[in-house]
Amino acid sequence: MSGGEDETEPSDAERALLVEAWRGDEKASAGTQFDDRVQQSGADRGEATAAPKRFGVQRFRRGEGRRGRRGLRVAGRTIAALAAVATLLLTGAGWNYLRATDKGFTKVQALDVGSHDIVDPVGQLGDENFLIAGTDSRAGVDSTLGAGDPTDVEGARSDTVMLVNIPASRKRVVVVSFPRDLDVTRPVCEGWNNDQAQYTGTDYPSAMGDKLNGAYALGGPKCLIKVIQKLSGLKINHFVGLDFAGFESMVDTVGGVQVCTATPLVDTELGTILANPGRQTINGVTALDYVRARHVIGEERSDYDRIHRQQLFLSSLLRSALSNRVLFDPVKLNGFIAAFTSHAFMDNVDTKDLLMLGRSLQKVAAGAITFLTVPTAGTTSYGNEIPRESDIKAIFHAIIDDDPLPGEHHTTEPAPTSTAPAPPQLTAADPTTISVQVSNASGISGTASATATKLAAPGFQIYSVDTYPQGTLSSTLVRYSSGHRDEAATVASAIPGAKLQVTSDLGSIVQVALGKNFTGVVHTPPTFGTPLPPIASAPADSTGAANPVTLPDDLEHVNAADDNCR
């Protein structure tokens, strides 16, 4: 993400070496230290204890001795493992390696793409939304890593939930963390057996006052997707679940992760985690404590301070994994990916698709990767975090519309020169990812409907058909909000005589206002990815600003480019 030699793409010869290295490891898997680790942690899991009807209220409390400490280990290891998952999703070179092996993932049903809770589904076309959930199964392998056993807490919890939004423009990444104790209304959900990664066939009624991690414990990925989709309005089209076994080797494989603390990090239950302040590289064992600590001396917000630490850790891990010392080192990459794939289960995650997605993200600057935390307002009498629903809606509205977010950095525009800059080269977008509003400003009845039909033929997604509210126009305008110029130009290239006009009230929608000069002709747009011809522009519209989304002033955020060691 930062400049330098580390961002150099491997040559074809280097890729071939990676493939051969992996294949060689496959043939000798019985003798590799990574496979030995996986095999040692792959004991048969026992049947999960039947889940109670009420979930999410029971929680590990301070001072509960051995079980309380096990609960902390559960949360920490799960969160840390999620950092590795997000790293793979947000980089791309790792998926190159995965594709060479043609390995499959454990599949599980999770998505609810037809939900009525999805906000502006047409406007979200082309967006990729990954829900990443960590699980803390307490049977079989995980009990050997400090998760406890089925007598501690029945079922499995999702101790950390992250929603990763990658817009169609691929110009930024937003990661939203949800507190595990968030107060939610659980919908009707089918029971879930986490140890067998399958559903039980038994339906449970909806319930108010559940914890977010309790919704997962009862109904698994499908139930969690429904809850998060209702909260966010995002169309979640990918799910990744992960247990925490093997995380220590993932961190150690990248050579440790660099963190920074202004003071020594001491937890009243875990003890001294970082004895000295400043910048330092920590191994897998220490990383687990770093991300799981909830009772750090000097911190007063428990889970929110922990989430902030997790986001800083993930930012650093991303920077570590993006370096070529990991991505282009066959041995390190082998261990990192093997540990991940051995403990993940997914829905709609394919290595080929992720490879293409990863390539499109490799040019995203670190400053365009933002971590946010869902805001809450105190707790209920039974310990649930109360969601600030209006603020949460505003956050996800801004995400859907690609509005600026706090802490977000973008590449600085070059300083103006005396020579007029050349107009930017526009590239044809995929019509199937463009939402078009067709408005009649010609004064001729039926023009908008007929044009909408013609625009739909090459694949444009018709959002709505209406009459232009400002009356008639002499010339056809293709109106768009900042960040959607390529999409608007693609539409304009199909309509002879159309001019581009930037406005501020359309979000991801492109509006075609058909003027009196419109002849009724609609051409097929240029092929996706090809250069577009020059298109004339009309003066910017400064009168169309609707009510902008106001984000909360206290919205917690971390930027991946920020150096917190100052």
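In this predicted model, a residue is called buried when its relative accessible area is under 20% and exposed when it is over 50%, with partly exposed in between.

Q: What makes phenylalanine 178 count as buried?
A: The relative accessibility of phenylalanine 178 is 2%, and the limit for buried is under 20%, so phenylalanine 178 counts as buried.

Q: Why is the pair of phenylalanine 178 and phenylalanine 396 called stacked?
A: Planes under 30 degrees apart count as stacked, provided that the ring centres lie within 6.5 Å. The centres of these two rings are 6.2 Å apart and their planes stand at 10 degrees, so the pair of phenylalanine 178 and phenylalanine 396 is stacked. The two residues come from distant parts of the chain, with phenylalanine 178 in strand 4 and phenylalanine 396 in helix 12 (residues 389–400), 218 residues apart. Phenylalanine 396 is also buried, with a relative accessible area of 1%.

Q: Why is the pair of tryptophan 192 and tyrosine 199 called tilted?
A: Tilted is the word for plane angles that are neither under 30 degrees nor over 60. For tryptophan 192 and tyrosine 199 the angle between the planes is 55 degrees, with 4.8 Å from centre to centre, so by this rule the pair is tilted. Tryptophan 192 counts as buried at 6% relative accessibility, and tyrosine 199 is buried with a relative accessible area of 16%. Both residues belong to a cluster linked by ring pairs, together with Tyr216, Phe239 and Phe345.

Q: What makes lysine 222 a charge that sits over the ring of tyrosine 199?
A: For a lysine, NZ must be within 6 Å of the ring centre and within 35 degrees of the ring normal. Lysine 222 lies over the face of tyrosine 199, at 4.2 Å from the ring centre.

Q: How do you know that aspartate 117 and lysine 230 meet in a salt bridge?
A: A side-chain nitrogen of Lys or Arg has to be within 4 Å of a carboxyl oxygen of Asp or Glu. Between the side chains of aspartate 117 and lysine 230 the N to O distance is 3.6 Å, so the pair meets the rule for a salt bridge. Aspartate 117 lies in the loop between strand 1 (106–107) and strand 2 (128–135), whereas lysine 230 lies in helix 5 (residues 212–232), so the salt bridge ties together parts that are 113 residues apart in sequence.

Q: Why is aspartate 117 called partly exposed, and why is lysine 230 called exposed?
A: Aspartate 117 has a relative accessible area of 31%, which falls between the limits of 20% and 50%, so the term is partly exposed. Lysine 230 has a relative accessible area of 59%, which is over 50%, so the term is exposed.

Q: What makes glutamate 128 and arginine 170 a salt bridge, and are these residues buried or exposed?
A: The N to O distance between their side chains is 3.7 Å, and the limit is within 4 Å, so glutamate 128 and arginine 170 meet in a salt bridge. Glutamate 128 is buried, with a relative accessible area of 18%, and arginine 170 counts as buried at 18% relative accessibility.

Q: Why does glutamine 229 count as buried?
A: Glutamine 229, in helix 5, has 1% relative accessibility, and buried means under 20%, so glutamine 229 counts as buried. Leaving aside residues up to four places away in sequence, the residues that glutamine 229 touches include Asp112, Asp117 and Ile236.

Note on methods: Residues numbered from 1 in each chain as written. Predicted model: local features only at pLDDT ≥ 70, side-chain atom pairs only at ≥ 80, totals over all residues. Heavy atoms only, no water. Helix = DSSP H or I, 4+ residues; strand = E, 2+ residues; numbered from the N terminus. Buried < 20%, exposed > 50% of the residue type's maximum accessible area, 1.4 Å probe, protein only. Phe/Tyr/Trp six-rings, centres within 6.5 Å; stacked < 30°, edge-to-face > 60°. Contact = heavy atoms within 4.5 Å.
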